[in-house]
Amino acid sequence: MPKHPPADPCATLRAGLPDRYLTPEDLAALLAVPIETVYGWRKKRTGPTGFRVGRHVRYAPAAVRDWIAQQTAAEAA
């Protein structure tokens with residue numbers, strides 16, 4: 001069975017909720033920020049809410065969308 005290439009997180013979120021959780025690398029690519037920024041947000045608890053699966057951090061696409069909406073609303077206010 002052929003392997004599929006990893007989905008583009010930007011295209012995935014535009015098309016609807018993906019069928020997988022996002023990695024920190026996905027989040028960095030989606031927002032066009034360095035991976036260090038994503039880890040800094042997590043440490044300061046200022047970014048999207050993530051959770052651990054063993055040693056790995058994952059982000060629910062709905063939580064990322066909510067966080068982006070909050071950032072957009074705060075900028076507009």
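What follows is a chat between a student and a tutor about a predicted model of a protein.

Student: What does the secondary structure come to?

Tutor: The protein has four helices and two strands, and if you read along the sequence, these elements follow the pattern α-α-α-β-β-α.

Student: And how many of the residues count as buried, as a percentage?

Tutor: The protein has 77 residues, of which 27% count as buried. Its accessible surface comes to about 5,700 Å², with 57% of that area belonging to carbon and sulfur atoms.

Student: OK, the strands now. Which way do E1 and E2 run, parallel or antiparallel?

Tutor: They run antiparallel, and four bridges join E1 to E2. One of the residues to look at is Arg 52, whose bridge partner in E2 is Val 57.

Student: What sits between the two strands?

Tutor: There are two residues between E1 and E2, which together form a hairpin, and in the turn you will find Gly 54 with a positive phi of about 65°. A positive phi also turns up just after helix H2, where Ala 32 takes a value of about 55°.

Student: Which side chains of E2 are buried?

Tutor: The side chains alternate along E2, which covers residues 56-59, so that Val 57 and Tyr 59 point to one face and are buried, while His 56 and Arg 58 point to the other face and are not buried.

Student: What about Val 53 in the other strand, which class does that one fall in?

Tutor: Val 53 is found in strand E1, residues 50-53, and it counts as partly exposed because its relative accessibility is 44%, a value that lies between the 20% limit for buried and the 50% limit for exposed. Together with Tyr 21 and Phe 51, Val 53 forms a nonpolar patch on the surface, and the three have about 280 Å² of accessible area together.

Student: Switching topic: where is Thr 23?

Tutor: Thr 23 lies in the loop between helix H1 (9-15) and helix H2 (24-31).

Student: Is it buried or exposed, and why?

Tutor: Thr 23 is buried, because its relative accessible area is 17%, and buried means under 20%.

Student: What is Thr 23 in contact with, apart from its neighbours in sequence?

Tutor: If you leave aside the neighbours within four places in sequence, Thr 23 is in contact with Val 57, Arg 58 and Tyr 59, and those residues belong to strand E2. The side chain of Thr 23 also reaches the backbone nitrogen of Asp 26, at 3.0 Å.

Student: Asp 26 again! What does it form a salt bridge with?

Tutor: Its partner is Arg 20, and the closest N and O atoms of the pair are 2.6 Å apart. The count of salt bridges in the model comes to one.

Student: Which of those two is buried, and which is partly exposed?

Tutor: Asp 26 is buried, because its relative accessible area is 13%, whereas Arg 20 counts as partly exposed because its relative accessibility is 29%.

Student: Last one: which residues are buried in H2?

Tutor: In H2 the buried residues are Pro 24, Asp 26, Leu 27, Ala 28 and Leu 30. When you look at that list, keep in mind that an α-helix has 3.6 residues a turn, so residues three or four places apart point the same way.

How values were computed
Residues are numbered from 1 along each chain as its sequence is written. This is a predicted model: local features need pLDDT of at least 70, side-chain atom pairs count only at pLDDT 80 or more; totals for chains, interfaces and linings use all residues. Side-chain values use heavy atoms; hydrogens and water are left out. Patches are made of residues with over 30% relative accessible area and no salt bridge: like charges are joined within 9 Å, nonpolar side chains (Val, Leu, Ile, Met, Phe, Trp, Tyr) within 5 Å. Accessible areas come from the Shrake-Rupley method with a 1.4 Å probe; for residues, only the protein chains shown count as cover. A salt bridge is a side-chain nitrogen of Lys or Arg within 4 Å of a carboxyl oxygen of Asp or Glu. Buried means under 20% relative accessible area, exposed over 50%, partly exposed in between (1.4 Å probe, protein chains only). A polar contact is a pair of N or O atoms within 3.5 Å; within protein, one must be able to donate a hydrogen and the other to accept it, and residues adjacent in sequence count only if both atoms are side-chain atoms. Contact means heavy atoms within 4.5 Å. Two strands pair if DSSP finds at least two bridges between them.
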